[in-house]
Amino acid sequence: MTTYDNILVRQEGHVGVVQLNRPKALNALSSPLMKELLSALREFDTNSEVGCMVITGSDKAFAAGADIKQMAEASVVDMLNNPFLEYWDELTTAIKKPIIAAVGGWCLGGGCELAMACDMIVASEKAKFGQPEINLGIIPGAGGTQRLTRAVGKAIAMEMVLNNRTLSAQEAVQYGLANRVYPVETYLEEAIKLAEEIAVRAPVAVRLGKEAVNQAFETSLTEGVYVERRLFDMLFATQDQKEGMAAFVAKRPAEWQGK
């Protein structure tokens, strides 16, 4: 397994775990860190033993935003030529297996955008979600205004983007931003447990299920249902579909092959 400078990587069962590791900067998201994060996720994505991934930080901070020092003196041209913000887009397009964000503590700015780019969020009861870019004279630039609005609705998103409102972990679940809340001592363990449950399900169906749900944010209902039906039909060409239905009829556990 590759060794990195800004992240820690390990495999637990069928789950690939990536921990952001810039503790002195509260895991601020720099270009090197994001590049390493995508590299690690791609490695897990091609690992047949891994079925789901977890991204986490520390109990104090998942990630307290992008690295402002990296952008403070940048010009428009500098930002246009900098691939930094494109890393968030790659996270949602290049990685086919599900990703769960295990969020402890501060989850702000680019950190909140990173968590929202994942497929699910499991939060510590101490987690705080926010998009405080307005305090810097800017707005979210890595999908924050778009994914946040789709998750929590216009009213709450406006307040977070325009007036630096933060959401508690309980509010994040209430408004549909996060899936579950657990005590600080167990949230990461619970996130990995959830990832393991997903990881041992039919691999091709999981991959296409993720693709289908994501299509709901990109297309009209009619187009989305068409995509869903096409992906549904495709699964009838897999050995796992035959095995899953045969196992159901025989009342026995299915043995998935990922084929």
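Here are some numbered notes to help you find your way around this structure, which is a predicted model.

1. A good place to start is the sheet. Six strands make up an open sheet with mixed pairing, and their order is S1-S2-S3-S5-S7-S10. Strand S1 (7-12) and strand S10 (180-182) are the edge strands, each pairing on one side only. From one strand to the next, the twist averages 20°.

2. Now look at the S1 edge of that sheet. S1 and strand S2 (residues 15-20) run antiparallel and are joined by six bridges. If you would like a pair to find on screen, try Arg10, which stands opposite Val17 in S2.

3. Next comes the interior. The largest nonpolar core has 49 residues, and the members that touch the most others are Leu20, Met34, Leu41, Phe62, Val103, Leu114 and Phe129. Helix H1 (residues 31-45) gives the largest share of this core, with seven residues. There is also a second, separate core of 17 residues, with Cys52, Met120, Val122 and Tyr182 among them.

4. Two residues of helix H1 are worth a visit, and Ser31 is one of them. Is Ser31 buried or exposed? Its relative accessibility is 18%, so it counts as buried, because the cut-off for buried is under 20%. Leaving out residues up to four places away in sequence, Ser31 touches Gln70, Asn82, Phe84 and Tyr87.

5. The other is Glu43, also in helix H1. With a relative accessible area of 31%, Glu43 is partly exposed, because that label covers values between the 20% limit for buried and the 50% limit for exposed. Which residues does Glu43 contact, apart from its neighbours within four places in sequence? They are Met1, Thr2 and Tyr4. Take Thr2: it is 41 residues from Glu43 in sequence, yet the two C-alpha atoms are 8.8 Å apart in space.

6. Further along the chain you will meet helix H11 (residues 221-234). Its 14 residues reach 20 Å from the first C-alpha to the last, close to the 20 Å expected at 1.5 Å a residue. Gly224, Val227 and Leu231 are the buried residues of H11. They cover an arc of only 60° around the axis, which puts them on the same side of the helix. What do these buried residues pack against? Their partner is H10. On the face of H11 turned away from the buried side, you will find the exposed residues Leu221, Thr222, Tyr226 and Arg229.

7. Helix H12 (residues 239-250) can be read in a similar way. Its 12 residues should span 16 Å at 1.5 Å a residue, and the end C-alpha atoms are indeed 16 Å apart, so the two values agree. Asp240, Gln241, Glu243, Gly244 and Ala247 are buried in H12. Seen down the helix axis, these buried residues fall within an arc of 165°, so they line one face of H12. Helix H10 (203-215) is included in what covers them.

8. One last detail lies at the end of that helix. Just after H12, Lys251 takes a positive phi of about 55°.

Conventions
Residues are numbered from 1 along each chain as its sequence is written. This is a predicted model: local features need pLDDT of at least 70, side-chain atom pairs count only at pLDDT 80 or more; totals for chains, interfaces and linings use all residues. Side-chain values use heavy atoms; hydrogens and water are left out. Helices (H or I, at least four residues) and strands (E, at least two) are DSSP runs, numbered from the N terminus. The expected span of a helix is 1.5 Å times one less than its number of residues. Buried means under 20% relative accessible area, exposed over 50%, partly exposed in between (1.4 Å probe, protein chains only). The arc is that of the directions from the helix axis to the C-beta atoms. Contact means heavy atoms within 4.5 Å. A nonpolar core is a set of buried Ala, Val, Leu, Ile, Met, Phe, Trp, Tyr and Cys residues joined through side-chain atoms within 4.5 Å. Two strands pair if DSSP finds at least two bridges between them. Axes are lines fitted to C-alpha atoms, for helices over the stretch in contact, and angles run from 0 to 180 degrees between N-to-C directions.
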